[in-house]
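Hi everyone, thanks for making time this morning. I'd like to walk you through a structure I've been looking at, so let me put it on the screen.

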Amino acid sequence: MLRLRTCAARLRPLGASQAARTAGPRRPAAGAKTSGPVRCYAAPVASEPFLNGTSSNYVEEMYFAWLENPKSVHKSWDVFFRNANAGAPPGAAYQSPLGLSVAPQLSSLVGARPNVEKLVEDHLAVQSLIRAYQVMGHHNAHLDPLGISCVNFDDAPIRGHQVAQLDPLGIMDADLDSCVPTDIITSSDKLDAVKDRLKLLTVGGFYGLDESDLEKVFRLPTTTFIGGSESALPLKDIIRRLEMAYCQHIGVEFMFINDLEQCQWIRQKFETPGVMQFSLEEKRTLLARMVRSTRFEEFLQKKWSAEKRFGLEGCESLIPALKTIIDMSSGSGVEYVIMGMPHRGRLNVLANVIRKELEQIFCQFDSKLEAADEGSGDVKYHLGMYHRRINRVTDRNITLSLVANPSHLEAADPVVQGKTKAEQFYCGDDDGNRVMSILIHGDAAFAGQGIVYETFHLSDLPSYTTHGTVHVVVNNQIGFTTDPRMARSSPYPTDVARVVNAPIFHVNADDPEAVIYVCKVAAEWRATFHKDVVVDLVCYRRMGHNEMDEPMFTQPLMYKQIKKQKPVLLKYAEKLIADGSVTRQEYEEEIAKYDKICEEAHARSKDEKILHIKHWLDSPWPGFFTLDGQPKSMSCPSTGLTEENLNHIGQVASSVPVEDFTIHGGLSRILKGRAAMVGQRTVDWALGEYMAFGSLLKEGIHVRLSGQDVERGTFSHRHHVLHDQNVDKRICIPMNHLAPDQAPYTVCNSSLSEYGVLGFELGFAMASPNALILWEAQFGDFHNTAQCIIDQFICPGQAKWVRQNGIVLLLPHGMEGMGPEHSSARPERFLQMCNDDPDIMPALSDDFAVRQLYDCNWIVVNCSNPGNYFHVIRRQILLPFRKPLIVFTPKSLLRHPEARSSFDEMLPGSEFKRLIPEEGMAAQRPEEVKRLIFCTGKVYYELIKERKNRDMEATVAIARVEQLSPFPFDQVEAESKRFANADLVWCQEEHKNQGYYDYVKPRIRTTIQRAKPVWYAGRGPAAAPATGNKNTHLLELRRLLDSAFGLDAFQDQQ
């Protein structure tokens, strides 16, 4: 009987100090409301222990009620307050109900003091009892549909949180025989059940109440709604109603929320008597949705029993749950719902929530289906969908988008949030009233994946909030083969949501009506408070991890119980048939109707011979491409600007366009320096970036720059947000003062997260092609904590899902003696994932440069001057298609005096240079050049300095490869032919097994038809990206420069 022994412990009242801290707000003084008598206690309050702390709060509340209406309190309290006001000490003012009167002889009342203390203590005990149910009642709710939450499968030590009956796997607490019947309160003998519960609650004297108190009437505090229209109830009814509210098939976690209004709102939704009532129409609709959810899975199992589909069996109520959330949200004005989910149940959601054509789903099971789109495609349970339709319940238009996802569970969470934020931004939905997100999770992943925590922490940040997300956890009570006791240290998989004060509604998924009610409340919560909320569907997984998996290997007892479990559709149908809501014939007709729909769709699916992944696109861009999804042209206009435009943007960049705004003295010097550069018609890196962003904003292109410390810039070079030195929180963003009709500029410091924030910005970039979305790493080295987003979404996104994306990654990179974690953005990793063939020289054509970009999976550049950076940023938007852009940005070059560009390099007709050829003395007599060095990025400035020092400017040519991928085969070939007598060297500052060498060497060899070797000048192989010793760093630099300029350095390698 372990559960009986521990039940009361879970509802233990708070200690006195805790109760004092968490007591509800005191009523306002009643003096303004009544002219009643003023208390005049003859005895000091300090001598009355029961009038201290929480007791005095309770008595004061009763006193104010009595002042307003003496009949609103019990007769004994009426007499007590009358005697107290007549001058009796508090301990003597009480009279037994047997002889109630206002007595002038106070001495006869003194013996009643203990009874007064008992009365007050009992009322306080009831308040503590109510609060205990609100705080911990969920631990006694009947959530496990398998009913095995009292079984202990082994003798392992039981941790404190696992003793709760809601142990998520439900297998740890006692023996099967010791389980308490799951319907304590709804049994025929309700009074006996209440007595049993009271006995549990009084174990150890926690409350001081006993069976004789069951008939006593207690006034209810303002922090409960169990009374309905009644202000007082007998104790037996208080317990019964609390049990009904908190210990049935719904468990509510909310008392950790530090907002009284929100707590009261939740209490009202779950405590009000009779609140969970459903109309006949609602029950029939719910049954029809359960039929579709269940029969869809049964149809797939019947037709393709040997196929993996990650079915929903065991949690069929997910479909009506999602549809209810969407219905309620549509009713409150939501027009667009963006969803993210893992693979389990995805096909069912596509079919019965998004309303994807069934034949399009069924044909995915055909192994002979030919792929018609470019790219490699993805498995059917990863694909997304976009659909606009009429919501039948609200008769309003609703757009639904299910974002495609990889197998990396929860990785799509921030992507969904970013897309949601973008859609809200573009339609001017500042409060999230028109666009919302729903995220579906698995229990193991929700608890185990850190990206869930990162995503939650974006939920209330100004530039990242989506104004509330509804999270639905499909709680199978198992992760693949791992029990929760091995998978998490928290009582519930949903505990991570507590960090943002999101209420958590646990519900037994085998009670469809409870599920629907909880989802209604969740949708209403989101519409009311615009904050996150979690619905925990406690269910089970009828199959293994997939349909081909055998779960009995690892969970034999659980799956024995599952095999006995009656399907939820059958249980609910029997319930409705029993209460007369539907007839058996109507139920069977509903099944036959949907079965016929599936069979007809299956017949049509056999006519499908070609698979079009574009039919599964989750983020279409209407009007950007041709009707068949192709670019409208294969050319890119000039990315240059007029001198007038450059001057105008430069003036804004070097000024403070707000009056009476005091900036920092050091910033004044920076702005004066910018103004001087504009006067000299030059730009440094920060000003070149300003020109690119500003010009796009003036052309109506929204620009959003996000990342850690991006407003100022990690290296204090950007300063896009100015702060008033005298007024707190007063800021100015000059970029938003360029022109009256410009697009808005968003620059926002992010939380200290890479995975979550990069995923968010990727999602933001998905929403529209007409925006420049950039994410900057604090140092390029740190992008690897977001590697999942890079590897699963950015690199292969178009190949898997025919989904283009123009996100820009700015990754500070450069070997400058700052140690192994502040030197390398790992260019070798990005280049390794490029899809161009190193061994084939592509056919050259007039549109070769643009077609190369169209065929690649992403663009990788390392610009050596701000003018080229300016052009590549503008080209990103002016291209007729979208590709991810990876930019290795500089650190020391931000202030390098030679890393400047003239306005002449940015005027109309100019463009991004994929390769910057040798233009110095060596170019005048190319036949005399003995060495041609190819390089990229910052090392160029070290090379030209060393070349000048060695007086080798006529014999060594240096060419800068600015665009690494797609590789500029044509320009490398031209440069190699120009210096036909020179040997070829690739020089880099990175280590040989890192950087660019392994990528560029075979491609250079291909351009010259392998006629010459390509020598290497750079650091040797190493495990770490850079040394932490400054002296070693300089020695390595000296060696690589000696190799680069030593004309006989490679003779022994011939």
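Before I point at anything, one cut-off: a residue counts as buried when its relative accessible area is under 20%. Keep in mind, too, that what you see is a predicted model.

With that cut-off, take Arg241, which is found in helix H7, residues 235-246. Is Arg241 buried or exposed? Its relative accessible area is 17%, so Arg241 counts as buried. The side chain of Arg241 makes a polar contact of 3.3 Å with the side chain of Glu230. Glu230 also appears among the residues that Arg241 touches, together with Ile226, Gly227, Gly228, Leu233 and Pro273, if we leave out residues up to four places away in sequence.

Let me step back to the whole chain for a moment. There are 33 helices and 28 strands. Of the 1054 residues, 58% are buried. And for those of you who think in contact maps: among contacts between residues at least 6 apart in sequence, 79% join residues at least 24 apart.

Now to helices H9 and H10, and the loop between them. H9 runs 280-303 and H10 runs 318-331, and Glu316 sits in the loop between the two. How do the helices cross? Their axes come within 9 Å, at roughly 130 degrees, which makes H9 oblique to H10. On the H9 side, the residues in the contact are Leu286, Arg289, Met290 and Ser293, and they meet Ile319, Pro320, Lys323, Thr324 and Asp327 of H10. By type, that contact holds four nonpolar, two polar and three charged residues.

Glu316 itself deserves a closer look. With a relative accessible area of 7%, Glu316 is buried. The side chain of Glu316 reaches the backbone nitrogen of Gly314 at 3.2 Å. Beyond residues up to four places away in sequence, Glu316 touches Met290, Ser293, Thr294 and Val568. If you'd like a distance to check in your viewer, the C-alpha atoms of Glu316 and Phe296 are 9.9 Å apart, with their positions 20 residues apart along the chain.

Moving along to H10, we find Ile319 there. Ile319 is buried, at a relative accessible area of 1%. Which residues does Ile319 touch, not counting those up to four places away in sequence? They are Ser293, Leu312, Asn348, Val349, Asn352 and Val353. Asn352 is 33 residues from Ile319 in sequence, and their C-alpha atoms are 7.0 Å apart in space.

For another helix pair, go to H24, residues 755-767, and H25, residues 787-794, whose axes come within 8 Å and cross at roughly 30 degrees. H24 and H25 are therefore roughly parallel to each other. Tyr755, Leu758, Gly759 and Leu762 of H24 meet Cys788, Ile789, Ile790, Phe793 and Ile794 of H25. That contact has eight nonpolar residues, one polar and no charged.

Next, H21, residues 643-653. Its buried residues include Asn645, Leu646, Ile649, Gly650, Val652 and Ala653. Viewed down the axis of H21, the buried residues fall within an arc of 160 degrees, so they line one face of the helix. The cover over them includes helix H22 (665-679) and helix H23 (685-698).

H31, residues 969-978, has Phe969, Asp970, Val972, Glu973, Glu975 and Ser976 as its buried residues. Those pack against several elements, among them helix H28 (848-855), strand E27 (983-991) and helix H32 (997-1007).

I'll finish with the backbone. Most residues other than glycine have a negative phi, and most peptide bonds are trans. So where should you look for exceptions? A cis peptide bond joins Ser965 and Pro966, with omega at about -5 degrees. Pro966 is in the loop between strand E26 (963-965) and H31.

Then there is Glu410, not a glycine, with a positive phi of about 75 degrees. Glu410 lies in the loop between strand E7 (396-402) and helix H13 (412-426), and Glu410 is buried, at 6% relative accessible area. Phe480 also has a positive phi, about 55 degrees. Phe480 is found in the loop between strand E9 (469-475) and helix H16 (484-487), and at 44% relative accessibility Phe480 counts as partly exposed.

That's my tour. Thanks for listening!

How values were computed. Residues numbered from 1 in each chain as written. Predicted model: local features only at pLDDT ≥ 70, side-chain atom pairs only at ≥ 80, totals over all residues. Heavy atoms only, no water. Helix = DSSP H or I, 4+ residues; strand = E, 2+ residues; numbered from the N terminus. Buried < 20%, exposed > 50% of the residue type's maximum accessible area, 1.4 Å probe, protein only. Contact = heavy atoms within 4.5 Å. Polar contact = N/O pair within 3.5 Å; in protein donor to acceptor, adjacent residues only side chain to side chain. Axes fitted to C-alpha atoms, helices over the stretch in contact; angles between N-to-C directions. Parallel < 35°, antiparallel > 145°, perpendicular 65-115°, else oblique. Nonpolar A, V, L, I, M, F, W, Y, C, P; charged D, E, K, R; others polar. Arc of directions from axis to C-beta.
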